[in-house]
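Visitor: I am new to this structure and would love a close look at a single part of it. Could you pick one residue, show me its surroundings, and then connect it to the rest of the chain?

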Amino acid sequence: NPYFGYLALADAVVVTGDSVSMCCEACAVPAPVYIYAPDGATQSKHARLHAELFEKGYARPMTERLETWSHPPLNAAQDVAREIAARLAVRANARGQRA
């Protein structure tokens, strides 16, 4: 499947807003990501994700004009791993153990 290769080589990525996976996978590369999600075409849970991606600078709403910009790659796996490590360290410290 060449999908991730296409993402890695893209100058910009346009995704439909009806797929959480597609939006997040596209944000894993630093190329500009535009989400096409016309009113009424996506569920509210998708709209909340879009708003968060827009707020954090990972994506922008699709408009008539594409601009060149970049963002840090979204890597939720690293965020999750950091949070697990932090929680394990807190739990170990509470028991008087080394993490």
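Guide: Here is a walk that starts at one tryptophan, W69, and works outward to the chain around it. Please keep in mind that this is a predicted model.

Let us begin with the overall plan, to have a map in hand. The protein chain has four helices and three strands, and along the sequence they follow the pattern α-β-α-β-α-β-α. W69 belongs to the loop between strand 3, residues 60–61, and helix 4, residues 76–94.

Is W69 buried or exposed? Its relative accessible area is 11%, and buried means under 20%, so W69 counts as buried. For the setting, 23% of the 99 residues of the protein chain count as buried.

Now for the company that W69 keeps. Setting aside residues up to four places away in sequence, W69 touches P30, A31, P32, V33 and Y34, and also G57, Y58, A59 and R60. With one of these, Y34, there is a polar contact as well: the two side chains come to 3.0 Å. Another of them, G57, is twelve residues from W69 in sequence, and the C-alpha atoms of the pair are 9.9 Å apart in space.

In the loop between strand 3 and helix 4 you will also find H71. H71 has a relative accessibility of 5%, which means that it counts as buried, the limit being under 20%. The side chain of H71 has polar links to two backbone oxygens: that of V29 lies 3.0 Å from one of its polar atoms, and that of A31 is reached at 2.9 Å. Beyond its neighbours within four places in sequence, H71 is in contact with C27, V29, P30, A31, V33, G57 and Y58. Several of these names may sound familiar: P30, A31, V33, G57 and Y58 are touched by W69 and are in contact with H71.

V33 leads us from the loop to the core. The largest nonpolar core has 15 residues, and V33 is listed with V15, C27 and L53 as having the most contacts inside it. Strand 1 (13–16), helix 2 (20–26), strand 2 (33–36) and helix 3 (44–55) each give two or more residues to this core. As a general tendency in soluble globular proteins, nonpolar side chains are buried together. L53, one of the core residues just named, is in contact with C23, C27, I35, Y58, A59 and L74, leaving aside its neighbours within four places in sequence. Among these partners of L53 are Y58 and A59, which W69 touches too.

Next comes the sheet. Its three strands form an open sheet in the order 1-2-3, with parallel pairing. Strand 1 and strand 3 are the edge strands, each pairing on one side only. Strand 1 and strand 2 run parallel and are joined by four bridges. V33 appears here again, as the bridge partner in strand 2 of V13, while T16 stands opposite Y36 in strand 2. Strand 1 shows a covered face, made of V13 and V15, and an uncovered one, made of V14 and T16. In a regular strand, side chains alternate between the two faces of the sheet. Together, strand 1, helix 2 and strand 2 make a right-handed β-α-β unit.

Another histidine is worth a stop. H50 lies in helix 3 and, at 5% relative accessibility, counts as buried. Not counting residues up to four places away in sequence, H50 touches G17, C23, I35, A37 and T42. C23 and I35 are in contact with L53 as well.

For contrast, turn to A8 in helix 1, residues 3–9. At 55% relative accessibility, A8 counts as exposed, because exposed means over 50%. A8 and A28 are 20 residues apart in sequence, while their C-alpha atoms are 8.8 Å apart in space.

Finally, step back to the whole chain. Among contacts between residues at least 6 apart in sequence, 46% join residues at least 24 apart. The accessible surface comes to about 7,100 Å², and 54% of it belongs to carbon and sulfur atoms. To return to where we began, W69 is a buried residue in the loop between strand 3 and helix 4, with a polar contact to the side chain of Y34.

Conventions. Residues are numbered from 1 along each chain as its sequence is written. This is a predicted model: local features need pLDDT of at least 70, side-chain atom pairs count only at pLDDT 80 or more; totals for chains, interfaces and linings use all residues. Side-chain values use heavy atoms; hydrogens and water are left out. Buried means under 20% relative accessible area, exposed over 50%, partly exposed in between (1.4 Å probe, protein chains only). Contact means heavy atoms within 4.5 Å. A polar contact is a pair of N or O atoms within 3.5 Å; within protein, one must be able to donate a hydrogen and the other to accept it, and residues adjacent in sequence count only if both atoms are side-chain atoms. A nonpolar core is a set of buried Ala, Val, Leu, Ile, Met, Phe, Trp, Tyr and Cys residues joined through side-chain atoms within 4.5 Å. Two strands pair if DSSP finds at least two bridges between them. Accessible areas come from the Shrake-Rupley method with a 1.4 Å probe; for residues, only the protein chains shown count as cover. A crossover is right-handed if, with the strands pointing away from the viewer, the path from the first strand over the helix to the second runs clockwise.
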